[in-house]
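Good morning, and thank you for coming. Please look at the sequence and the structure as they appear, and keep both in view while I speak.

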Amino acid sequence: MQEPSKDPLHGKRLDAILEELVEYYEGFEKLGEQINIKCFTDNPSISSSLKFLRKTPWARTKVESLYLFVLRQKKRDEKKPGK
């Protein structure tokens with residue numbers, strides 16, 4: 001039997017990652033401050049952003065890196081006392 005992957009991106013779809021980031025940053029405006037790319041700052045939408053990210057490896061890498069950072073932040077926040 002195969003051991004489950006330890007990679008948090010394994011099996012995670014790009015659209016789910018993007019939606020989670022938009023929710024975490026409460027919209028595209030703050031997400032665009034984190035990653036300054038036009039698909040987040042100029043008339044943004046999930047579908048237009050997905051089209052751009054699927055064609056642009058460097059931008060997708062930035063989004064995936066930010067997603068991993070957000071996962072670590074959420075884990076830290078859960079461990080804080082009083083939460």
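Leaving aside its neighbours within four places in sequence, which residues is Phe40 in contact with? I shall return to that after a short overview. Please bear in mind that this is a predicted model.

Let me begin with the protein as a whole. Its secondary structure consists of five helices and zero strands, so that, under the definition of helices and strands used here, the pattern read along the sequence is α-α-α-α-α. The C-alpha trace spans about 40 × 40 × 15 Å along its principal axes. There are 83 residues in the protein, and buried residues make up 30% of them. The exposed surface comes to about 6300 Å², of which carbon and sulfur atoms supply 49%. As for charge, the protein has 17 positive and 13 negative side chains, with the centres of the two sets 3 Å apart. If we take contacts between residues at least 6 apart in sequence, 53% of them join residues at least 24 apart.

I now come to the answer to my opening question. With neighbours within four places left aside, Phe40 is in contact with Leu18, Phe28, Leu31, Gly32, Ile35, Ser49, Leu53 and Val63. Is Phe40 buried or exposed? Phe40 has a relative accessible area of 2%, and because buried means under 20%, Phe40 counts as buried.

Let us place Phe40 in its wider setting. The largest nonpolar core has 20 residues, and those with the most contacts inside it are Leu21, Leu31, Phe40 and Leu53. Which elements give two or more residues to this core? They are helix H1 (14–24), H2, H3, helix H4 (46–55) and helix H5 (57–79).

Two of the partners of Phe40 deserve a closer look. Leu31 is found in helix H2 and is buried, with a relative accessible area of 0%. Not counting residues up to four places away in sequence, Leu31 touches Leu18, Leu21, Val22, Tyr25, Phe40 and Leu66. By way of a distance, the C-alpha atoms of Leu31 and Arg76 are separated by 20 Å, and these two residues are 45 residues apart along the chain.

The second partner is Ser49, which lies in helix H4. Ser49 is also buried, with a relative accessible area of 0%. With residues up to four places away not counted, Ser49 touches Leu18, Phe28, Cys39 and Phe40.

My last topic is the aromatic rings. A search of the whole structure finds three aromatic pairs. In one of them, the rings of Tyr24 and Tyr25 have their centres 5.0 Å apart and their planes at 85 degrees; because an angle over 60 degrees counts as edge-to-face, this pair is edge-to-face. Tyr24 is partly exposed, with a relative accessible area of 31%, whereas Tyr25 is buried at 11%.

Phe28 and Phe40 form another aromatic pair, a tilted one, with 5.9 Å from centre to centre and 40 degrees between the planes. This pair links distant parts of the chain: Phe28 belongs to helix H2 (residues 28–34) and Phe40 to helix H3 (residues 38–41), 12 residues apart. Phe28 is buried, with a relative accessible area of 13%.

To close, I suggest that you find Phe40 once more in the structure and trace its contacts with Phe28, Leu31 and Ser49, among others. Thank you for your attention.

Technical notes
Residues numbered from 1 in each chain as written. Predicted model: local features only at pLDDT ≥ 70, side-chain atom pairs only at ≥ 80, totals over all residues. Heavy atoms only, no water. Phe/Tyr/Trp six-rings, centres within 6.5 Å; stacked < 30°, edge-to-face > 60°. Buried < 20%, exposed > 50% of the residue type's maximum accessible area, 1.4 Å probe, protein only. Helix = DSSP H or I, 4+ residues; strand = E, 2+ residues; numbered from the N terminus. Core = buried A, V, L, I, M, F, W, Y, C linked by side-chain atoms within 4.5 Å. Contact = heavy atoms within 4.5 Å. Areas by Shrake-Rupley, 256 points an atom, 1.4 Å probe, with all protein chains shown as cover. Lys, Arg positive; Asp, Glu negative; His and termini not counted. Charge placed at Lys NZ, Arg CZ, Asp CG, Glu CD.
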